[in-house]
Amino acid sequence: MSDRQIRIAPSILTADFGRLAEQVRAAEAAGVDLMHLDVMDGHFVPPLSFGTEVMAAVKAATSLPVEMHLMVERPEEHFDGFAELGAGTQIFHFEAARDLDRCRDLISQLRALGCAPAVAISPETPVSAIVELLPEIEQVTVMTIRPGWGGQSLKEELLEKVTAIRQAADALGRPDFVIEVDGGVKSHNIGQCVVAGADVLVAGSAVFNEQQAPSEAVAEMRAAIEARSA
Ligand code: DX5
Ligand code: ZN
């Protein structure tokens, strides 16, 4: 098994927004690695989520890196605001960009802002659609659910895409290439995601729910990663 650092990135989508700062601090204390913020515009996906105000509240509550997952039709309209607030990585959707030329425009805009460019692919998009972009980006986010809602079940068959991207990145001599799995990650499947080749695991409802404290949830996921990749 490779010695890649495996990171856990909680999504605040299912957090209690009435005590958001407290929830973010609890996740940080539980030992997560970065925060994953899901921005939804009501067009690219039906729900609306939040924008810069909530991001600023999260940044104020934690010193962890923050990445932005833009489930929006026009990601370029939001890049500046999130970059100004210190976003490390900004992830736009291939399905919003629609073609490789437009992806390349978005990638150069993000580079100019000092953000790491990342591309997300929804379940219906094959790896072949974005494989050409790998030399130009830092990360691919593989959606293992239909984007738009937390709390869905991970579609295991989509993990094949993670393996295909990892092989393509290795072939390019990029062992540091980041592959993120987003959607339905829980302690019972996180090991499988890592074995498939993922190194960042987004976990929303696994970390923020009413049954279990973030500390316990994160410890369970770490143990499952260890057990799987030992
Ligand atoms: C959904 C978001 C995910 C989501 C993950 O479209 O991109 O980040 O919040 O939540 P869970 O882990 O509950 O699937
Ligand atoms: Zn997400």
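This is a short tour of a zinc site and several salt bridges in a predicted model.

**Stop 1: the zinc ion**

Select the zinc ion (ligand 2) and show the side chains around it. Its protein donors are His 36 (NE2), Asp 38 (OD), His 69 (ND1) and Asp 182 (OD), which lie 2.0 to 2.3 Å from the ion. Along the sequence these donor residues follow the spacing H-x1-D-x30-H-x112-D. Now colour by secondary structure and pick out two of the donors. Asp 38 belongs to strand β2 and His 69 to strand β3 (residues 66-71), so this pair ties together parts that are 31 residues apart in sequence. Asp 38 and His 69 are both buried.

What arrangement do the six donor atoms around the zinc ion (ligand 2) make? The angles they subtend run from 71 to 172 degrees, which makes the arrangement octahedral. For six octahedral donors the ideal angles are 90 or 180 degrees.

**Stop 2: Asp 33 and Arg 222**

Next, select Asp 33 and Arg 222. These two residues form a salt bridge, with 2.9 Å between the closest N and O atoms. Asp 33 sits in the loop between α1 (20-29) and β2 (35-40), while Arg 222 is in helix α8 (residues 214-229), so the contact ties together parts that are 189 residues apart in sequence. Arg 222 has a relative accessibility of 26% and counts as partly exposed.

**Stop 3: Glu 76 and Arg 102**

Move to Glu 76 and Arg 102, whose side chains meet in a salt bridge at 3.3 Å, N to O. Glu 76 is in helix α3 (residues 76-84) and Arg 102 in helix α5 (residues 100-112); the pair links distant parts of the chain, 26 residues apart. Arg 102 counts as partly exposed, at 24% relative accessibility. Add Arg 74 and Glu 77 to the selection: Arg 74, Glu 76, Glu 77 and Arg 102 are linked in a network of salt bridges.

**Stop 4: Arg 174 and Glu 138**

Finally, select Arg 174 and Glu 138. Their salt bridge has its closest N and O atoms 3.6 Å apart. Both ends are in loops: Arg 174 in the one between α6 (159-171) and β7 (178-182), Glu 138 in the one between β5 (116-121) and β6 (139-143). The two residues are 36 apart in sequence.

Is each partner buried or partly exposed? Arg 174 counts as buried because its relative accessibility is 15%, under the 20% cut-off. Glu 138, at 27%, counts as partly exposed.

To continue, look for other salt bridges: a search of the whole structure finds 13.

Technical notes: Residues are numbered from 1 along each chain as its sequence is written. Chains are lettered from A and ligands numbered from 1 in the order in which they are written. This is a predicted model: local features need pLDDT of at least 70, side-chain atom pairs count only at pLDDT 80 or more; totals for chains, interfaces and linings use all residues. Side-chain values use heavy atoms; hydrogens and water are left out. A salt bridge is a side-chain nitrogen of Lys or Arg within 4 Å of a carboxyl oxygen of Asp or Glu. Helices (H or I, at least four residues) and strands (E, at least two) are DSSP runs, numbered from the N terminus. Buried means under 20% relative accessible area, exposed over 50%, partly exposed in between (1.4 Å probe, protein chains only). Donors are N, O and S atoms within 2.8 Å of the metal (3.2 Å for Na, K and Ca); water is not among the atoms, so sites may look incomplete. Four donors count as tetrahedral if all angles lie between 85 and 135 degrees; four count as square planar and six as octahedral if opposite donors are over 155 degrees apart and all others between 65 and 115; anything else is irregular.
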